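Please examine the sequence and the three-dimensional structure shown here before reading the report.

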Amino acid sequence: MELGLDVVLFRILLEKAGRALRNGSTNMDVLVVVGTTACYVYSVYALLYGAISGFWSPTYFETSAMLITFVLLGEYLETLAKGKTSDAIKKLVELTPVPTRFFRSEMRYTTGKCGRVISQREIDALLIQPGDVLKVLPGARVPVDGVVVWGSNHVNKSMVTGESVLVLKEVNSVVIGSTINLHGSLHIQATKVDSNTVLSQIILVVETSQTSKAPIQKFADYDKLPTALEKHL
């Protein structure tokens, strides 16, 4: 039973270690393969030696199987955690305003006073540029990050910041893209668009944390195998 479990689990781990070595790296899989191989080879030798000489040394087949099992279980749990992170990223992407049309306003300003709208025209959301003044209708998502230049209204920011309380936005207040404008219209001046918005940066950070390793983890993967071998030689 232990032998069969060793063979099945070791093959899975050996494939991962082989990929790491082909890429020129030594990670945890390589270290576990080296350790379990040494454990297994010694146990086979001890078993054969005992059968020939009658002097029975302890074997460690079960130790090898348990070590491989725990390592693969940890990797399985890590995969589940990454799956949950992927779901979180998907939900964040769903918050991104769908390509639609917004009113871009041209406003005239007088000294010390807010501007007044002199003309409006409809543009596609994908064409929004920093500096554009946009009219956000009641119930619509704010298309990009910006600053309020006209109007006063409450905005729902819970989907981005987690704040459950509605936030009042007035002239010169900063608004975040993908938050929901509630009852009245707001005119905002776009400051950040596309990948520079707060929501895009959050998505980028979550994706990076999912696919990359911390510097200390990279160092440990690189350094752990030589250190382990030195201790056992």
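The following report considers a sheet, two loop residues and one helix residue.

This is a predicted model, in which local features need pLDDT of at least 70, side-chain atom pairs count only at pLDDT 80 or more, and totals for chains, interfaces and linings use all residues. Residues are numbered from 1 along each chain as its sequence is written, and side-chain values use heavy atoms, with hydrogens and water left out.

An open sheet is formed by 3 strands in the order β6-β5-β8, with antiparallel pairing. Strands (E, at least two residues) and helices (H or I, at least four) are DSSP runs, numbered from the N terminus; two strands pair if DSSP finds at least two bridges between them. β6 (167–169) and β8 (180–181) stand at the edges with a single partner strand each, so one side of each has no neighbour in the sheet. β5 (residues 153–156) pairs with β8 in the antiparallel sense over 2 bridges. In β8, Ile180 stands opposite Asn156.

Two loop residues that are not glycine have a positive phi: Asn172 and Ser178. Asn172 is placed between β6 and β7 (174–175), whereas Ser178 lies between β7 and β8. In the table, buried means under 20% relative accessible area, exposed over 50%, and partly exposed in between (1.4 Å probe, protein chains only).

| Residue | Phi | Relative accessible area |
|---|---|---|
| Asn172 | near 80° | 64%, exposed |
| Ser178 | about 85° | 1%, buried |

Phe61 belongs to helix α3 (residues 61–95). Phe61 is buried, with a relative accessible area of 15%. Between Phe61 and Tyr40, the C-alpha to C-alpha distance is 6.0 Å, while their separation in sequence is 21 residues.
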